[in-house]
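Colleague: Please choose one part of this model and go through it closely, with the terms explained as they come up. I would like to follow how its pieces are paired and what surrounds them.

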Amino acid sequence: MRIEVDPDSGFCFGVVYAIAQAEFFLDQGIKVYCLGDIVHNDKEVERLKAKGLEIIDHEQLKQLKDAIVLIRAHGEPPQTYKIAKENDITLIDASCPIVLKLQNRIREVVREAPEGSQIVIYGKPGHPEVIGLLGQIPDDAHVDKILITGEDDAFEKIDFSRPIYLFSQTTKSIDKYYKLGETIKKKAAEYNNQQVFFNDTICRQVSNRDTKIKEFAKQFDVVLFVAGKKSSNGKVLFEAAKSVNPNTYFISSVEDIHLDWFENADSIGICGATSTPAWLMEQVKEFLARELNTYSV
Ligand code: SF4
């Protein structure tokens with residue numbers, strides 16, 4: 001039995017930076033609050049909570065005064081910075097530079113786009129990054145903000161007779177986003193060749209892993225994909241692995257493993273999302289080596 005952890009899986013640099021920032025302060029005994037889960041992985045959140053990190057929501061932020069609050073890699077809308085300033089809160093801003101660049105680009109479009117334009121964001125409703133992106137467009141702006149989850153609501157919500165500026169949440173599937181972009185362009189062409197400004201805002205830390213994870217998943221009889229249930233890129237990368245290896249299972253921890261998955265297997269691959277800690281994948285490997293009474297490499 002061969003059991004291997006994918007060397008290319010695990011935290012992206014955005015998550016590494018946010019966690020390093022939190023630990024830098026926590027290790028000095030300084031109280032740090034984090035606005036929302038620092039990473040979409042319950043096990044890693046539990047580990048940092050044990051070191052003293054306190055997770056708060058936006059309502060709790062409003063009540064907090066003179067404290068240190070970490071902004072995670074997903075970024076925040078301008079309103080959060082305003083509240084922090086009013087409440088004498090010191091922010092440790094660990095917004096990922098890729099997300100900040102996207103937020104800046106949206107603000108530029110708000111300034112430059114002609115009256116009646118539509119800023120369309122392809123993303124998951126309620127996802128913190130998406131809330132941060134939509135927040136860059138003031139409610140009283142001269143452009144409309146529209147959130148879409150795919151082709152169906154794109155056709156429902158977009159007015160194809162007006163200019164369209166299309167953006168994506170950074171962790172969506174690159175293939176799906178490009179396909180959606182083509183569909184929107186085709187539809188807009190029917191309306192006097194209306195302009196569609198397609199912005200490729202997919203993070204390459206996710207899209208490059210798509211190919212790598214497929215290569216990895218092909219090499220094993222069974223693949224365990226380890227990620228938190230709230231992880232968007234976890235869903236994308238899990239689908240990528242499963243598309244090349246139907247014996248791919250989504251797990252969040254060793255408790256989700258069923259040993260009968262491995263009955264006729266000679267090899268097991270373990271991989272994960274950009275929010276999956278390396279230690280958790282190693283834990284899965286050790287568990288399998290022990291439970292299957294075998295050796296690991
Ligand atoms: S997935 Fe990409 S955009 Fe998101 S935090 Fe990681 S590096 Fe940044």
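Modeller: Two strands are taken to pair if DSSP finds at least two bridges between them; strands (E, at least two residues) and helices (H or I, at least four) are DSSP runs, numbered from the N terminus. On that basis, strand 1 and strand 12 (residues 267–272) run parallel and are joined by four bridges. The model is a predicted one, in which local features need pLDDT of at least 70 and side-chain atom pairs count only at pLDDT 80 or more, while totals for chains, interfaces and linings use all residues. Residue numbers start from 1 along each chain as its sequence is written.

The pair belongs to an open sheet of four strands, ordered 1-12-10-11 and paired in parallel. Its edges are strand 1 (2–5) and strand 11 (248–251), each of which pairs on one side only. From one strand to the next, the twist averages 20°, where axes are lines fitted to C-alpha atoms, for helices over the stretch in contact, and angles run from 0 to 180 degrees between N-to-C directions.

Residue by residue, Ile3 faces Ile268 of strand 12, and Glu4 has Gly269 of strand 12 opposite it. Against this sheet packs helix 11 (residues 278–291), which touches strand 1, strand 10 (222–226) and strand 12, and whose direction makes about 170° with that of strand 1; touching, or contact, requires two C-beta atoms, placed from the backbone, within 7 Å of each other. Strand 12 also pairs with strand 10, again in the parallel sense, over five bridges, and here Leu224 stands opposite Ile270 of strand 12. Five of the six residues of strand 12 are buried, and this strand is mostly covered. A residue counts as buried if 20 or more other C-beta atoms lie within 10 Å of its own, as exposed if 12 or fewer do, and as partly exposed in between.

The nonpolar packing can be followed outward from here. A nonpolar core is a set of buried Ala, Val, Leu, Ile, Met, Phe, Trp, Tyr and Cys residues joined through C-beta atoms within 7 Å. The largest such core has 74 residues, and Ala22, Val120 and Ala241 touch the most other members. When residues up to four places away in sequence are not counted, Ala241 touches Ile213, Lys214, Ala217, Val223, Phe225, Thr248 and Cys271. Ala22 sits in helix 1 and counts as buried because it has 23 C-beta neighbours inside 10 Å. Apart from its neighbours within four places in sequence, Ala22 is in contact with Val32, Cys34, Ile38, Leu48, Leu53 and Leu70, and its C-alpha lies 8.9 Å from that of Tyr33, a residue eleven places away in sequence.

Cys34, one of those contacts of Ala22, leads to another sheet. Cys34 stands opposite Ile55 in strand 3, within a parallel pairing of strand 2 (residues 33–35) and strand 3 that extends over three bridges. The sheet concerned is open, with four strands in the order 3-2-4-5 and parallel pairing. Strand 3 (54–56) and strand 5 (90–93) are its edge strands, each pairing on one side only, and neighbouring strands are turned by 35° against each other on average, direction ignored.

A further parallel pair is formed by strand 6 and strand 7 (residues 144–148), joined by five bridges, with Tyr122 having Ile148 as its bridge partner in strand 7. Strand 6 (residues 118–122) is largely enclosed by the rest of the structure, because four of its five residues are buried.

Helix 1 also takes part in the surroundings of the ligand, where a residue is near if its C-beta atom, placed from the backbone, lies within 6 Å. Fifteen is the size of this shell: of the 15 residues around the ligand, Cys12, Gly14, Ala73, Cys96 and Cys203 come nearest. At least two shell residues each are supplied by helix 1 (13–26), helix 5 (97–112) and helix 9 (204–218), the largest share being the three residues from helix 1.

Finally, two loop residues deserve a look. Asp66, in the loop between helix 3 (58–63) and strand 4 (68–71), has a positive phi of about 50° although it is not a glycine, and is exposed, with 8 other C-beta atoms within 10 Å. Asp88 lies in the loop between helix 4 (78–86) and strand 5; its phi is also positive, at about 55°, although it is not a glycine, and with 10 C-beta neighbours inside 10 Å it counts as exposed.
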